[in-house]
Amino acid sequence: IADFTRSFSSSNANASNRPSSGKPGSADSPFDFSLDLDAFPLANPDDGSAFRLVDTKPTPRPKFGPKWRFNQHRPQLPQRRDEEVEARKREAEKERARRDRLYNLNRSNQNQQRREAAIFKSSVDIQPEWNMLEQIPFSTFTKLSFSVSDPEDLLLCGALEYYDRSFDRITPKNERRLERFKNRNFFKVTTTDDPVIRRLANEDKATVFATDTILATLMCAPRSVYSWDIVVQRVGNKLFFDKRDGSQLDLLSVHETSQEPLPEAKDDINSAYSLSVEAAYINQNFSQQVLVRDGNKVSFDEPNPFANEGDEVASVAYRYRRWKLDGDMYLVARCEVQSVVEVNNKNSFVTLNALNEFDPKYSGVDWRQKLETQRGAVLATELKNNANKLAKWTAQAILASADLMKLGYVTRVHPRDHFNHVILGVVGYKPRDFASQINLNTSNMWGIVKSIVDLCMKLNEGKYVLVKDPSKPQVRIYEVPADAFENDYVEEPLPEEEQVQPPSEDAEGVEANGTTTDDKEIEAQT
């Protein structure tokens, strides 16, 4: 052991009795490595008073960073005044309450907006003189079941063109532009205005009369969110299900069952009304573009009952079919098919419909990227956002006994351009297989129709209307005057969004007296 703290002079005094060699390690050398008992009093057992405690703890390492700061004991601060402490507590409580309020608002904001969007408008203006007779919740519809036998065809009208199979090979990489068919006539005729149904009613072919659109609306009522209405007329022992002129049933809902709210402004291109009009326009053009337009048609018993001679009519066939509901109660419905395809030298009926994408940010799935690789995910998203529309299309295909239903995927060229569209793909399904895939039960569909028919048959002769409540999952039945819905523009006040706004200075079509040409037309009609 070497003692480097000792001075050299003190070493010589204690080392005088030892021989000096002058070598390193001797007393003469400053590097004296010999054991000096005087330097270590602990080695002397007689001298206990010189005992010293040696600190063997390691040198503390410097600690840096936030962890060290919080681990250190903070110095005790002088006590603050009571008023200052109370003020700090109140500020902390206010901040905590503000954070809780914002958190709860963010959690409920999405569902609250969706509910507000669903209740903003009823499909028909309820008049004060109408008498409400029944209120049926949708929960009672889900438990119903009724089996019907196979229908019989009473009459087939119209002509069909063949489906072009080349559209089955369309992918997002070789998309096709959606064409416009302005010269072809499409007809949305209600039940009582159909001359064939009137003829069948006079011949007592059935007791209940309707169209496939009306029946599909009733069959899929539990899936609906938006409001709709159906006019019921009891004439003698017969029952007619009608729709109003300009009814919502003529349009196609978009994102009806989605949780993402749509803009409420009616003039917005992504509002519920604008998208419904756009979807109807897309479906009409799509159903005519995917055909082989070479003049080769399949004609049936009678021509189109709604077309005038010389008109260019869209490819459509009407199947007037009859189902037996009860002992002597029969139902006749007009069902539509849009095309025909040859399978094994036999013609098969095809229905044509198109799903439309308007903005990927609403659905969360970009069709151009996902349709080719993840078609199942795209269809699952559409089933979530448009459950009612897809169920109604499937129900109409089953009513018409179509062998195949074709679904097209149509999107906008640009998300802000709602006039130009492209076809990204076409997929075919068998209606009954697709119904089981989307959990659509045929027995439950007919159970709903049968229960509503039985309920309406107990009513007195007159006119009634079934209205889907815009905010609750239920249907109401109102008794209305016999002349109701004859002049809708007088009976129904225009919604606020459609009322004529005061013209601005730079508005187009404003005349010197401050009225627009639209104002004059409305005044002339009224």
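Modeller: A helix here is a DSSP run of H or I with at least four residues, and a strand is a run of E with at least two, both numbered from the N terminus. The model is predicted, and the chain in it has 14 helices and 15 strands.

Biologist: How much of the chain is buried, and what makes a residue count as that?

Modeller: The cut-off is a relative accessible area under 20%. By that rule, 42% of the 526 residues are buried. The chain exposes about 30,500 Å², with carbon and sulfur atoms supplying 48% of that area.

Biologist: Among contacts between residues at least 6 apart in sequence, what share joins residues at least 24 apart?

Modeller: The share is 73%.

Biologist: Why is helix 5 called oblique to helix 10?

Modeller: Helix 5 covers residues 212-219 and helix 10 covers residues 387-399; their axes lie 9 Å apart, at an angle of about 125 degrees. Roughly perpendicular ends at 115 degrees and roughly antiparallel starts over 145. The angle falls between those two limits, so helix 5 is oblique to helix 10. The crossing is right-handed.

Biologist: Which residues make that contact?

Modeller: Helix 5 contributes D212, T213, L215, A216, T217 and M219, and helix 10 contributes K392, A395, Q396 and L399. By class, five of these residues are nonpolar, three are polar and two are charged.

Biologist: What makes helix 5 and helix 12 roughly perpendicular?

Modeller: The axes of helix 5 and helix 12 (residues 442-457) cross at roughly 100 degrees and come within 8 Å. The perpendicular class runs from 65 to 115 degrees. The crossing angle is inside that range, therefore the two helices count as roughly perpendicular.

Biologist: What residue classes are found in the contact of helix 5 with helix 12?

Modeller: On helix 5 the residues are L215, L218 and M219; on helix 12 they are M445, W446, I448, V449 and I452. Eight are nonpolar, with no polar and no charged residues. L215 and M219 of helix 5 also appear in the contact with helix 10.

Biologist: How do you know that S227 is buried?

Modeller: Its relative accessible area is 10%, and the limit is under 20%, so S227 is buried. S227 sits in the loop between helix 5 and strand 5 (229-235). Beyond its neighbours within four places in sequence, S227 contacts K121, S122, S123, Q248, V467, K468 and P470. Q474 is 247 residues away along the sequence, yet the two C-alpha atoms are 10.0 Å apart.

Biologist: Why is N460 called exposed?

Modeller: N460 has 60% relative accessibility, and exposed means over 50%, so N460 qualifies. N460 belongs to the loop between helix 12 and strand 14 (462-468). Its C-alpha is 9.1 Å from that of G236, a residue 224 positions away in sequence.

Biologist: What makes L404 partly exposed?

Modeller: The value for L404 is 22%, and partly exposed lies between the 20% and 50% limits, so the label follows. L404 is in strand 12 (residues 404-412). With residues up to four places away in sequence left out, L404 touches F349, V350, T351, G428, Y429, K430 and P431. For K430, 26 residues away in sequence, the C-alpha separation from L404 is 4.9 Å.

Biologist: Why does P360 count as partly exposed?

Modeller: P360 has a relative accessible area of 24%, which is also between 20% and 50%, so P360 is partly exposed. P360 is in helix 7 (residues 360-363). Apart from neighbours within four places in sequence, P360 contacts V365 and D366. Its C-alpha is 8.0 Å from that of P415, 55 residues away along the chain.

Biologist: What phi does D204 have, and where does D204 lie?

Modeller: D204 has a positive phi of about 55 degrees although it is not a glycine. D204 lies in the loop between helix 4 (195-202) and strand 4 (208-211). Its relative accessible area of 55% is over the 50% cut-off, so D204 is exposed.

Biologist: How do you know that N344 is exposed?

Modeller: The relative accessibility of N344 is 74% and the cut-off is over 50%, so N344 is exposed. The loop holding N344 connects strand 10 (339-343) and strand 11 (346-357). N344 is not a glycine, but has a positive phi of about 55 degrees.

Terms used:
Residues are numbered from 1 along each chain as its sequence is written. This is a predicted model: local features need pLDDT of at least 70, side-chain atom pairs count only at pLDDT 80 or more; totals for chains, interfaces and linings use all residues. Side-chain values use heavy atoms; hydrogens and water are left out. Buried means under 20% relative accessible area, exposed over 50%, partly exposed in between (1.4 Å probe, protein chains only). Contact means heavy atoms within 4.5 Å. Accessible areas come from the Shrake-Rupley method with a 1.4 Å probe; for residues, only the protein chains shown count as cover. Axes are lines fitted to C-alpha atoms, for helices over the stretch in contact, and angles run from 0 to 180 degrees between N-to-C directions. Angles under 35 degrees count as roughly parallel, over 145 as roughly antiparallel, 65 to 115 as roughly perpendicular and the rest as oblique. A crossing is left-handed if the near helix is turned anticlockwise from the far one by less than a right angle, and right-handed if clockwise. Ala, Val, Leu, Ile, Met, Phe, Trp, Tyr, Cys and Pro count as nonpolar, Asp, Glu, Lys and Arg as charged, and the others, Gly among them, as polar.
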